[in-house]
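This briefing goes through one protein model by topic. Keep the sequence and the 3D view open while reading.

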Amino acid sequence: MSDIGENRTFRSVQIAMTPLPRITLSGVVYLPSGQPAPGAIIGVDAPVAPVYSNAQGQYSLVLPAAGDFYLTAASGTDGYVDLVVPAVQDLTLDLYLRTV
């Protein structure tokens, strides 16, 4: 311990952190009409930022391989989908939005 002032001390602690294994979830988001959904937002209930589908409706998320996740996807007022996704291995999952 080191003295850093009046009655204050600090202790240096080393912590080893091991990253969780990760999987990739990817696919294409489709509108109710069957056309790809560019700009759809896809998110999960995990510490991962949501992503947007590209011009062809394609998306890709990297997730911790830690059980099931609740996934939601939406494209403005054109449609949405929500489901539970197992995150145990890389997965290709096309999402078909339904009307609101």
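**Surroundings of P86**

Leaving aside neighbours within four places in sequence, P86 is in contact with G67, D68 and L91. The model is a predicted one. The points below start from P86 and go on to the sheet, the nonpolar core and the salt bridge.

**P86**

- P86 lies in strand 8.
- With a relative accessible area of 43%, P86 is partly exposed, because that class covers values between 20% and 50%.
- The C-alpha atoms of P86 and A66 are 8.5 Å apart in space, while the two residues are 20 places apart in sequence.

**The sheet**

- Strand 8 belongs to an open sheet of 4 strands, in the order 5-4-7-8 with antiparallel pairing.
- Its edges are strand 5, residues 51-52, and strand 8, residues 80-87, each of which pairs on one side only.
- Inside the order, strand 4 (residues 41-44) and strand 7 (residues 67-74) run antiparallel and are joined by 4 bridges.
- Opposite I41 stands A74 of strand 7.

**The nonpolar core**

- In the largest nonpolar core there are 22 residues.
- The residues with the most contacts inside this core are V29, I42, V44, L61, L63 and L95.
- Two or more residues of the core come from each of these elements: strand 3 (22-30), strand 4, strand 6 (58-64), strand 7 and strand 8.
- Which residues does L95 touch, not counting those up to four places away in sequence? They are V28, V29, Y30, I42, Y59, L71, A73, V81 and L83.
- Among these contacts of L95, V29 and I42 are also listed with the most contacts inside the core.

**The salt bridge**

- How many salt bridges does a search of the whole structure find? The search finds 1 salt bridge.
- R98 forms a salt bridge with D82, and their closest N and O atoms are 2.9 Å apart.
- This pair links distant parts of the chain, 16 residues apart: D82 is in strand 8, and R98 is in the segment after strand 10 (95-96).
- Side chains of opposite charge can pair when their charged atoms come close.
- Are the two partners buried, partly exposed or exposed? R98 has a relative accessible area of 39% and is therefore partly exposed. D82, at 28% relative accessibility, also counts as partly exposed.

**Strand 8 in brief**

- Strand 8 is an edge strand of the sheet and gives two or more residues to the core.
- Strand 8 also holds P86 and the salt-bridge residue D82.

Key:
Residues are numbered from 1 along each chain as its sequence is written. This is a predicted model: local features need pLDDT of at least 70, side-chain atom pairs count only at pLDDT 80 or more; totals for chains, interfaces and linings use all residues. Side-chain values use heavy atoms; hydrogens and water are left out. Two strands pair if DSSP finds at least two bridges between them. A nonpolar core is a set of buried Ala, Val, Leu, Ile, Met, Phe, Trp, Tyr and Cys residues joined through side-chain atoms within 4.5 Å. Buried means under 20% relative accessible area, exposed over 50%, partly exposed in between (1.4 Å probe, protein chains only). Contact means heavy atoms within 4.5 Å. A salt bridge is a side-chain nitrogen of Lys or Arg within 4 Å of a carboxyl oxygen of Asp or Glu.
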